[in-house]
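Student: I should like a close look at one part of this model, the place where two neighbouring domains meet. Please set that part in the context of the chain and then follow it into the sheet and the cores around it.

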Amino acid sequence: MPTMIDNTDTRNVLIIDDDDAVTTSLALLLKQSGYAPYTASNPEEALQTLGERPFALALQDMNFSRSTTGEEGLVLLQRIKGRYPHLPVVLITAWGSVELAVRGVKAGAIDFITKPWTHEQIRQSVQTALGLAEFRRTEATTAPMSRAELDAVHDFSGLIGKDPRFVRMLEVIGRVAATDAPVLITGESGTGKELVAEALWRNSARKEHPFVKVNLGGIPTSLFESELFGHVKGAFTDARQSRIGRFEAADEGTIFLDEIGDLDISCQVKLLRVLQDRTFERVGSSTSRTVNVRVISATNQDLVSMIETGSFREDLLYRLNLIVVHMPPLRERKGDIPALAAHFLHCIGGIYRRPDLEISPDAMDWLIVQEWPGNVRQLKHLVERTILLTPRNSLRAEDFDMAAHMQEKEPTKGMVPQPGRVTLDEMEREMILRSLKEYGGNVSRAATALGLSRGALYRRLEKHRIVP
Ligand SMILES: Nc1ncnc2c1ncn2[C@@H]1O[C@H](COP(=O)(O)OP(=O)(O)OP(=O)(O)O)[C@@H](O)[C@H]1O
Ligand SMILES: [Mg+2]
């Protein structure tokens, strides 16, 4: 077994492919991007070259001339990973051989590119793989950081929490922010996934560029392509003007694909393509466009079991989950409840001009023992409701208890309720439900009636968990 060569400082990249035209063009491209390319045309040559000098990365084709099953490629990958477990290997496979690519990732490949590739795709993939490899290498060796240490180097403002699990999650966020690697954020509803997605972007090199949030659960299947990729004038009946899609809007920045588990299977393949090669066409146009985006996604669903039941594509998961960040539920970090409650008391008290509010010690104990199935969002809503229902400044346990049990009363038709009877949130929800009913569930018309853009209404539908 060869000695482990430290590969932290090298720009050497090995290209393994039996097609000279491929190795030559990849070598040229990598050289232009500041790497030092080496080439190998068969497995033996590849292993020999790897033993001669340190490498930062290998780009490996899966098919060598003798067979097209990819088995040879898998064997080579396993031999490389056996000798150089820390060397990131990016596979090149034919489009459509998804199963092979997935087997490759399971066997230790860091990423895969499908043919035909674009220059941009190779450049991004190489850069991401290097960033990711650096992250994995340091992950195992660095001592855990404290919240104060993290705050000294990152901007985690607005993210409250000191619990060890939460802090470890922040540490991962801080370290992966700098890479371009896709991040999948999982966790129950209300745990702060969206907040964390924004923090990732805010701490990344893309922070001066857009952060575009797309709620995939809120987009009807029929509008998916035009919403994400845009359309040209006349592409369909309602397309009176050309419109850019969310991917173009996010160019140079970050796109946040929220509720990815809600995406219809027919849309998943369309999404896969743009994630694969960063190219797409506007609806009604045949011109391909390329974007440079970082992809963050989130879900409160178990995508692995969705794969088992056939409702989520495995290849799509491997495009999204190069890094997975799991948000702990609030009941597993109860130590953070006092700080969170105090934070919401301060923010919401400010909005309602009640700066002298405080939570009594018995109320704090009450808050800590609750189970919080709706997590931080539920805590925030309860604090708000309790403030509105309690005229005193010192909030006691029974005030929270009452607010928690208070039935949401239907406001009398047409009448504005007394302050303190319902929260603004409840009124908003009620108005939205009424408009949707009025317009038979037509979101565009309901949005117009409410004086909102369609996007703004979709955000509120999500917030109130209303399905139009
Ligand atoms: N650590 C935290 N510090 C401060 N506020 C938080 C924290 N975590 C969550 N919140 C607040 O709780 C609410 C819910 O958070 P968020 O929308 O990010 O949850 P989510 O995980 O995306 O939920 P869902 O799955 O329902 O979309 C937001 O108002 C957010 O500001
Ligand atoms: Mg969310």
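Tutor: The chain of this predicted model contains 20 helices and 16 strands. Its C-alpha atoms fill a box of roughly 80 × 60 × 40 Å along the principal axes. Of the 468 residues, 36% are buried. Among contacts between residues at least 6 apart in sequence, 69% join residues at least 24 apart.

The domain assignment divides the chain into domain 1 (12–141), domain 2 (147–328) and domain 3 (331–463). The part you ask about is the meeting of domain 1 with domain 2, whose C-alpha centres lie 26 Å apart. Here 16 residues of domain 1 are in contact with 16 residues of domain 2. On the side of domain 1 that touches domain 2, the elements giving two or more residues are helix 4 (98–106), strand 5 (111–115) and helix 5 (119–141). Helix 5 supplies the largest share of that side, with 8 residues. By residue class, this side of domain 1 consists of 7 nonpolar, 7 polar and 2 charged residues.

Strand 5 deserves separate attention. In addition to giving residues to the side that touches domain 2, strand 5 is mostly covered, with 4 of its 5 residues buried. Strand 5 runs parallel to strand 4 (residues 89–94), and 5 bridges join the two. Within this pair, Lys 115 of strand 5 stands opposite Ala 94. In general, strands of a sheet pair through backbone hydrogen bonds, in either a parallel or an antiparallel sense.

The largest nonpolar core offers a second view of the two domains. This core has 85 residues, and the members that touch the most others are Val 13, Leu 14, Leu 57 and Val 90. Helix 7 (residues 164–177) gives the most to the core, contributing 6 residues. Both domain 1 and domain 2 are represented, each by at least three residues. Around Leu 14, leaving aside residues up to four places away in sequence, the residues touched are Tyr 38, Ala 40, Ala 46, Thr 49, Leu 50, Phe 55 and Ala 58. Apart from this core lies another, of 19 residues, including Ile 337, Trp 372, Ile 387 and Ala 403.

There remains the sheet. An open sheet of 5 strands has the order 7-10-13-6-14, with parallel pairing. Strand 7 (211–215) and strand 14 (323–326) are its edge strands, each pairing on one side only. Neighbouring strands are turned against each other by 20° on average, direction ignored. Inside the sheet, strand 6 (residues 183–186) pairs with strand 13 (residues 294–299) in the parallel sense over 4 bridges. In that pairing, Val 183 stands opposite Ile 296 of strand 13. Helix 8 (residues 193–202) packs on the sheet and touches strand 6, strand 7, strand 10 (254–258), strand 13 and strand 14. The direction of helix 8 makes about 165° with that of strand 13.

To return to your request, the contact between the domains involves 16 residues of each, and helix 5 gives 8 of those on the side of domain 1. The largest nonpolar core likewise draws at least three residues from each of the two domains.

Technical notes. Residues are numbered from 1 along each chain as its sequence is written. Chains are lettered from A and ligands numbered from 1 in the order in which they are written. This is a predicted model: local features need pLDDT of at least 70, side-chain atom pairs count only at pLDDT 80 or more; totals for chains, interfaces and linings use all residues. Domain bounds come from an automatic or database domain assignment. Two residues are in contact if their C-beta atoms, placed from the backbone, lie within 7 Å. Ala, Val, Leu, Ile, Met, Phe, Trp, Tyr, Cys and Pro count as nonpolar, Asp, Glu, Lys and Arg as charged, and the others, Gly among them, as polar. Two strands pair if DSSP finds at least two bridges between them. Axes are lines fitted to C-alpha atoms, for helices over the stretch in contact, and angles run from 0 to 180 degrees between N-to-C directions. A nonpolar core is a set of buried Ala, Val, Leu, Ile, Met, Phe, Trp, Tyr and Cys residues joined through C-beta atoms within 7 Å. A residue is buried if 20 or more other C-beta atoms lie within 10 Å of its own, exposed if 12 or fewer, and partly exposed in between; C-beta atoms are placed from the backbone.
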